Structure formats: structure tokens, C-alpha cells
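Look at the fold below and find its sheet and its helices. Then follow the text from one element to the next.

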Amino acid sequence: MATTMKRWQLTAAGRANLKLVETAIPTPGPGEVLIKVAAVSLNYRDKLLVDAGFGMPDPLTEPLIPLSDISGVVAACGEGVTRFAVGERIVSTFLPDWIDGDGPGTARHPNGRNLGGPLQGVLAEYIVLNQDWAVCGPRKLSHTEASTLPCAGLTAWTALVERGRLRAGQKVVVLGTGGVSLFGLQIALLHGAEVIVVSGDDKKLARARDFGAHHAINRKREDWVEAVYRLTSDHGADHILETVGGAHLGKSLDAAAVAGRISLIGILEGLDVSGGFGAFARKRVVVEGIQVGHRRALEDLVRAFDLSGTNPVIDAIYGMNDFEAALDHLDRGPFGKIVVEVG
């Protein structure tokens with residue numbers, strides 16, 4: 001086996017500090033596995049990390065490898081590894097300390113340990129992970145497809161299934177057509193829900209219909225809240241994947257059904273959310289922040305995609321050398337996921 005590999009790393013925030021370097025292949029220690037990475041998917045937070053330092057350790061004491069979501073193959077096992085064997089397919093967990101239940105963290109110090117900032121990320125030809133920081137990969141998906149599950153896929157699954165207890169016949173509003181949104185569309189359809197997609201792009205809305213969306217609303221042509229009222233005969237949305245954030249939460253509160261549920265996921269309009277109190281009191285709306293999800297839920301998601309034959313929606317695939325072009329594509333707003341193939 002080769003002794004050196006390529007990896008992307010940051011020495012500070014900003015594209016000028018992003019470099020593709022050659023370095024030694026790491027060696028797994030006790031309880032660790034060495035993974036030959038096949039594919040890595042991008043999330044919006046990755047662009048915020050690279051361009052603005054969002055999630056970067058302070059101070060940064062060593063170069064930081066970006067990105068968090070991989071699919072690959074176990075190349076070697078350290079002493080005491082029992083969860084995996086050499087040759088097995090594997091996908092990473094976004095929050096490595098969260099196995100199940102409520103997870104780690106306190107009111108003063110909530111859990112912020114995730115791969116790709118502040119912990120080391122995965123955009124390298126080989127990485128080492130603790131055996132507890134990964135799950136067996138799906139059998140029926142390609143590595144490219146499987147790499148999209150750990151963050152975007154699990155976020156939608158946690159919001160709708162793990163926390164939302166989605167039921168057949170419920171009405172789900174998906175905002176936008178990015179990775180989390182399209183996973184939300186697919187997961188909702190798997191559970192027999194009625195799905196409404198909201199976007200400002202007619203072409204993307206047409207594609208969402210092709211993937212099974214029951215209704216498509218162009219937010220630039222009409223008030224999307226009024227459109228939800230019309231399409232649901234004033235019932236409103238039982239579940240909303242709120243990927244915009246900021247003051248946009250107010251619109252989601254208006255669109256929510258009585259006893260509806262809003263999952264706060266995105267920060268496109270800022271970290272500070274706002275909305276009127278009336279909907280909380282009169283409609284008894286549940287608003288919950290979603291921090292991706294735990295390892296057990298990721299295992300459930302993998303099984304669901306294997307059993308259903310569902311394939312994640314991938315907008316574009318880039319090579320290892322073209323990571324910066326992949327970031328530019330992310331900035332333009334993809335339809336589904338963007339993946340870097342490493343192998």
C-alpha cells in the first residue's frame with residue numbers, strides 16, 4: 001500500500017488558505033479504523049467553514065481538514081476494534097459522541113463536537129476514525145450516494161421520523177430544493193405523506209414534481225403561505241422543514257397546522273430567528289432545532305434506503321482536485337447534493 005496521500009486542509013478562514021497537500025497516510029490506534037475514502041459530500045456549513053471560519057477551532061493549532069460526510073472501505077483496524085472488519089463499507093457519523101438518546105452536552109456547554117470543524121474532517125484519501133464514529137454503509141447505494149446520508153439525509157430523517165413521528169396522510173412542506181429538502185421529500189413520500197415543495201425556481205419545482213412532490217409553489221409568483229392554505233383547505237402544514245431561518249420563521253409559523261411541527265434546520269437568513277407569539281399559543285405549534293441526529297438513527301436511515309430502493313438526489317460530482325469548483329457550485333444552489341469522488 002502507498003505511504004502518502006492527498007488531503008485538503010485549511011490554515012485559516014478564506015479560500016487563499018485552502019490547500020491540497022500530500023502527507024503521510026495515518027495509522028489507526030487502539031479502537032480506531034483506517035478508512036480508504038471513496039466519496040465525500042458537501043453541506044452548506046462546509047462553505048461557511050472554508051469562507052468564513054464557521055465552526056473552526058479557536059485558536060486553530062493545526063491545519064483543519066474540511067467536510068464531514070464520507071463513504072469508504074475499512075483498510076485497516078487498530079487493536080481492539082470489534083464493530084468493523086477490513087473490507088467493510090462504512091459511512092461516518094456527523095456528531096461522533098451522540099450514539100442514542102438525548103446525547104452529550106449541558107445547558108452551558110451544548111454539544112458542538114462534529115467532524116469537519118471543530119474536529120478534523122474527512123476530505124482526504126485516507127482518514128482514521130474511532131470505531132464508534134461510523135456505521136456500516138448501505139449495501140444498495142454507490143459510495144457517491146451513500147456519502148450523502150450522514151448529515152443531510154439524517155437531518156431530514158431526524159426531523160420527520162425520529163422526532164416528528166411522521167404519519168401517512170400528513171402534509172409536509174419542504175422549503176427549497178437543496179440536500180436536506182430533497183431528502184425530506186423522499187422520506188415523506190416513503191411514509192405516505194402529502195408533500196408540498198416551495199422554491200423560487202420553476203425548473204427546480206418541475207424536477208421536484210418528477211421526484212414525486214404532490215404540489216409545487218413558486219414563492220416568487222405567489223405568497224407561499226396562502227398557497228399552502230389553499231392546497232390544504234386551510235388545514236396547514238403538519239410538518240415544515242425550515243431551511244431558511246431568520247425572520248422567515250414567521251412565515252412557517254403562519255403556514256403550520258394546529259399542533260403542527262416546524263423543524264429549524266437552515267440559517268440562510270441568519271442565526272437569530274424571529275416570529276409572532278400568536279401562532280405558538282393559538283395553534284400550539286412545536287418548533288424544534290435539529291442538530292442532525294444520533295448514530296442509531298443513522299443506522300435506521302441506512303436500513304430504510306436499502307429496503308426501499310430509494311436513491312439520494314445528486315446534482316453534481318467533482319474530482320478530488322476540483323473541490324473549490326464544488327464549493328462554487330454549492331454557492332449557486334444545487335438541486336440535491338454535491339459530491340467529491342476521492343477514490
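**Helices and a parallel sheet**

The crossing of helix 1 and helix 10 is left-handed. This is a predicted model. Helix 1 covers residues 44-52, and helix 10 covers residues 323-332. Their axes come within 10 Å and cross at roughly 115 degrees. Which residues make the contact? Helix 1 offers Tyr-44, Lys-47 and Val-50. Helix 10 answers with Phe-323, Leu-327, Leu-330 and Asp-331. Five residues of this contact are nonpolar, two are charged and none is polar.

Now turn to the sheet. Strands pair through backbone hydrogen bonds, either parallel or antiparallel. Here six strands form an open sheet, and the pairing is parallel. Read across the sheet, the order is 10-9-8-11-12-13. Which strands sit at the edges? They are strand 10 (215-218) and strand 13 (286-289), and each pairs on one side only. On average, neighbouring strands are turned by 15 degrees against each other, direction ignored.

Start at the edge with strand 10. Strand 9 pairs with strand 10 in the parallel sense over four bridges. Val-198 has Ile-217 in strand 10 as its bridge partner. How does the chain get from strand 9 to strand 10? The path runs through helix 5 (residues 202-210), and this β-α-β crossover is right-handed.

Move along to strand 11 (residues 237-242) and strand 12 (residues 256-264). These two run parallel and are joined by five bridges. Take Ala-237 as an example: its bridge partner in strand 12 is Ala-256.

Next, see which helices lie across these strands. Helix 3 (residues 149-162) lies across strand 8 (171-175), strand 11 and strand 12. Helix 3 runs at about 160 degrees to strand 11. Helix 6 (residues 224-231) lies across strand 8, strand 9 (194-199), strand 10 and strand 11. Its angle to strand 10 is about 155 degrees.

One more helix pair remains for this tour. Helix 4 (residues 179-190) and helix 9 (residues 295-308) have axes that come within 12 Å. These axes cross at roughly 65 degrees. The two helices are therefore roughly perpendicular to each other. Their crossing is left-handed. On helix 4, the contact uses Phe-183, Gln-186, Ile-187 and Leu-190. On helix 9, the partners are Leu-301, Phe-305 and Ser-308. Five of the residues in this contact are nonpolar, two are polar and none is charged.

Terms used: Residues numbered from 1 in each chain as written. Predicted model: local features only at pLDDT ≥ 70, side-chain atom pairs only at ≥ 80, totals over all residues. Heavy atoms only, no water. Axes fitted to C-alpha atoms, helices over the stretch in contact; angles between N-to-C directions. Parallel < 35°, antiparallel > 145°, perpendicular 65-115°, else oblique. Left-handed = near helix turned anticlockwise from the far one by under 90°. Contact = heavy atoms within 4.5 Å. Nonpolar A, V, L, I, M, F, W, Y, C, P; charged D, E, K, R; others polar. Pairing = 2+ DSSP bridges. Right-handed = clockwise from strand over helix to strand, strands pointing away.
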